[in-house]
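Me: Can you walk me through how the chains in this thing fit together? I'm new to this, so keep it plain.

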4 protein chains.
Amino acid sequence: MRSLYNRLAGQNIERLAALSDGVFAVAMTLLVLDLRAPAAEAVHSERELLHALVTLAPRLVPYVMSFLTLGIFWLGQQAQLDRLAKSDRDLAWLHVGFLCVVCLVPFSTALLSEFLTFRTALIVYWLNILLLGIALLATWSHAVRAKLVREDTTRDIVGAICRRIVIAQTLYAIGAALCIISTYWSIAFIVLIQINYALAPSWPSLRRSG
Amino acid sequence: MRSLYNRLAGQNIERLAALSDGVFAVAMTLLVLDLRAPAAEAVHSERELLHALVTLAPRLVPYVMSFLTLGIFWLGQQAQLDRLAKSDRDLAWLHVGFLCVVCLVPFSTALLSEFLTFRTALIVYWLNILLLGIALLATWSHAVRAKLVREDTTRDIVGAICRRIVIAQTLYAIGAALCIISTYWSIAFIVLIQINYALAPSWPSLRRSG
Amino acid sequence: MRSLYNRLAGQNIERLAALSDGVFAVAMTLLVLDLRAPAAEAVHSERELLHALVTLAPRLVPYVMSFLTLGIFWLGQQAQLDRLAKSDRDLAWLHVGFLCVVCLVPFSTALLSEFLTFRTALIVYWLNILLLGIALLATWSHAVRAKLVREDTTRDIVGAICRRIVIAQTLYAIGAALCIISTYWSIAFIVLIQINYALAPSWPSLRRSG
Amino acid sequence: MRSLYNRLAGQNIERLAALSDGVFAVAMTLLVLDLRAPAAEAVHSERELLHALVTLAPRLVPYVMSFLTLGIFWLGQQAQLDRLAKSDRDLAWLHVGFLCVVCLVPFSTALLSEFLTFRTALIVYWLNILLLGIALLATWSHAVRAKLVREDTTRDIVGAICRRIVIAQTLYAIGAALCIISTYWSIAFIVLIQINYALAPSWPSLRRSG
């Protein structure tokens, strides 16, 4: 039996969705702060400005990668919330925990932008993605267990969402492990996974994986 | 009797909720700005980067603590707004006042991050939580007094929401007082209170307190 | 006759409201960035931290003043949008222009925080408030002229909204003029006007003014 | 045939609209960060403050220009989303890609603010506008091709939206090319195009172009 207050709080799915959209929107926009325009004092000609921008260009890679990350997890939580018939306080808190990890993405992106060739920076970035996956899976598991999902949510759908997260996280872990060779391999592999999920091509092997 | 203009303004609960979600989303995301990636010039090896990150780690405590604070008060105001059948200008202004205090959380968090062992920083942080509680209680009292709440809001519900705020604030005050021993005791105690409210375990003693 | 494209764009009042709520939420939260926590290197004792915070305290005045400003104009535009039955492209653009001025508030607040005793800073702040009023009045005039307002919007309501803006702006102009004596007089007067509008007391003389 | 998961995700147009409003709101508000209040240490008299503000004034041009840019593309995507009867995952991803380019606007604006007379900065700014146009056109083309648009969307409307983007982009490209003479010519021309689209005057020649 839950206390009275706890039965009042966290039941509004629309508000939870609005908070999420806000957090994702700000996190996405903060990513650009890593792309700092060069200072006017350091640049005296078109050539120097071009040179400064070329030096800045590698930072576009973590920017786009993090935008893909945030895009993937925004779609993930949107697909989940759309499946809910109602919410409860625990689900709201699990979701807030998820958002707490989302807010870390600008930090781990800034770290990776600054230290593209450092394994430590890449592992921190991967840990962030891992936590995102765990939080999403925990929210979904709770929603299914507490029967918050819509009635038309078949076992197939429940399974597809779980499998999707587990397979994606496995691929991300492989990507992170590639940093034994080089962080560039890791980054390239992770971006490829993300583009695959964004473009969602109809590869037979991946289609079956949900 | 209110003037004509004053009867026109502040009546849209959905807009008030949307503004709140926006303010909470930005405040939550600004918290991460205290976690600054170390500068590339100061770090020359994986070991130095790891060391820099370990030095940064204590800042995760105020980050998570403030995320819990914002989460608790987001749920609090959401539960309140959900109870309203209509709004008026005074309620809108009380709520804007509440948001004004919410926006201070990134500041008091930054202060505590920078001065974890300073009692002054902890007292400022606690004052912020206290103001959040007062603002929430004032909004709720006005809503009840001005009969803005939904008809199915029983006296039990009105009381449960009031008691919840008062008990939580009492616990926070005890937590703040613990800084006489050490700010670490205060922080640990406050985080425990917050986790208790987030997890909402079914402890008999706490359940009765609403 | 409008072109086809122009009849498609800018008709969604809900989206316009959502954009506004977002802009106001971010502008409100950016205000706190003027309250910078003192640097750890400059502070070595509780007493020094307390001293640094006392030095910071005057910045709370522009913070609260700008929060009141944003609150007043948020309520103003919300009351207006609530009165609309439909929107058109011109109204959307006038509203975007209004938001463009809203986004300047964090700048003029930062300027005033930094230069509390400088008349130039105060005049810039007042110009910002003036532009907010003009933009709001222009939007409302267009809405009335283009018959976008709801049918139950009597001439009394149209007039009350216009008068409200004109009277408030007259008071703000008087407040700004007081900087001939001292900027403190101006700030005190403007804050008093704002608190008057926020609390909306039932003073006979002000009630009649709508 | 799409996999099960891919049929679940990205179908909520309201959430996509809310995410967009958030991103635009934050991007608009971040623009003001280029208008930094002068530091108190560098200013000792009213005259010096006035001088510092006059020096800052040219930065208002890129600020207003970027606000117009964001306003134009906010209206553009709003008009498109309003035309959709449903969404799918590909549309959601194309829209997220569009938002990724929107988030770059504060960067390219900061660059142009800092280097108003540099062709490189202007070309970067124009590339940003070009990418916005391409992303919008790609989203619209996909929506039409995948039959996501509302049934009352005639061929005329489909054509009007496409033509609008192509003509606007042609004008922007001409504006960018004018930087061969001077970046001031480019900026003036681009601002004129934007004001034309914002004011949407009934010039016969432009009306026909949709």
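Reply: Sure. One term to start: a salt bridge is a side-chain nitrogen of Lys or Arg within 4 Å of a carboxyl oxygen of Asp or Glu. Also keep in mind that this is a predicted model.

Me: Ok, so which side chains meet in a salt bridge between chain D and chain A?

Reply: That would be D:Arg15 and A:Asp21, at 2.7 Å from N to O. The rule finds 1 salt bridge across the interface of these two chains.

Me: And how many residue pairs are in polar contact across the interface of chain D and chain A?

Reply: There are 9 residue pairs, with both residues at pLDDT 80 or more. As for which elements are involved, α1 (4–8), α2 (13–30), α5 (89–102), α6 (105–114) and α7 (119–145) of chain D each give two or more residues to the side that touches chain A.

Me: Which one gives the largest share of that side of chain D?

Reply: α2(D) does, with 9 residues. If you sort that side of chain D by class, you get 26 nonpolar, 8 polar and 6 charged residues.

Me: How many residues are in contact between chain D and chain A?

Reply: On chain D it's 40 residues, and they are in contact with 50 residues of chain A.

Me: And what area do chain D and chain A bury between them?

Reply: About 3800 Å², and 73% of it is on carbon and sulfur atoms. People often describe the size of an interface this way, as the accessible area lost when the parts come together.

Me: Switching topic: what rotation superposes chain D on chain A?

Reply: A rotation of 90 degrees, with 0.0 Å of shift along its axis, and the RMSD is 0.0 Å. The two copies are therefore related as by a four-fold rotation axis.

Me: Which C-alpha of chain D is nearest the axis?

Reply: The one of D:Gly22, which is 4.0 Å from the axis. The copies also use different surfaces, since just 2% of the contact residues of chain D recur in chain A.

Me: What about chain A and chain B, what rotation goes with that pair?

Reply: Chain A is superposed on chain B by a rotation of 90 degrees with 0.0 Å of shift along the axis, at an RMSD of 0.0 Å. In chain A, the C-alpha nearest the axis belongs to A:Gly22, and the distance is 4.0 Å. The surfaces are different here too: 2% of the contact residues of chain A recur in chain B.

Me: How many residues does the contact take from chain A and from chain B?

Reply: It takes 40 residues from chain A and 50 residues from chain B. The area buried between chain A and chain B is about 3800 Å², and carbon and sulfur atoms give 73% of it.

Me: Which side chains meet in a salt bridge there?

Reply: A:Arg15 and B:Asp21, 2.7 Å apart from N to O. On the side of chain A that touches chain B, at least two residues come from each of α1 (4–8), α2 (13–30), α5 (89–102), α6 (105–114) and α7 (119–145) of chain A. The largest share is from α2(A), with 9 residues.

Me: How far apart are the nearest C-alpha atoms of chain A and chain C?

Reply: They are 8 Å apart, and those two chains do not touch. Chain B and chain D have no contact joining them either, and their closest C-alpha atoms lie 8 Å apart.

Me: Ok, single residues now. Is D:His95 buried or exposed?

Reply: Buried, because its relative accessibility is 3% and the cut-off for buried is under 20%. D:His95 lies in helix α5 of chain D. Leaving out residues up to four places away in sequence, D:His95 touches D:Leu16, D:Ser20, D:Gln77, D:Leu81 and D:Thr139.

Me: And where is B:Ser87 found?

Reply: In the loop between α4 (60–83) and α5 (89–102) of chain B. B:Ser87 also counts as buried, because its relative accessibility is 7%.

Me: What does B:Ser87 touch?

Reply: Not counting residues up to four places away in sequence, B:Ser87 touches B:Gly10, B:Gln11, B:Ile13, B:Leu16, B:Ala92 and B:Leu148.

Note on methods
Residues numbered from 1 in each chain as written. Chains lettered and ligands numbered in written order. Predicted model: local features only at pLDDT ≥ 70, side-chain atom pairs only at ≥ 80, totals over all residues. Heavy atoms only, no water. Contact = heavy atoms within 4.5 Å. Buried area = accessible area lost by both parts, 1.4 Å probe. Polar contact = N/O pair within 3.5 Å; in protein donor to acceptor, adjacent residues only side chain to side chain. Helix = DSSP H or I, 4+ residues; strand = E, 2+ residues; numbered from the N terminus. Nonpolar A, V, L, I, M, F, W, Y, C, P; charged D, E, K, R; others polar. Least-squares fit on C-alpha atoms with pLDDT ≥ 70 in both. Buried < 20%, exposed > 50% of the residue type's maximum accessible area, 1.4 Å probe, protein only.
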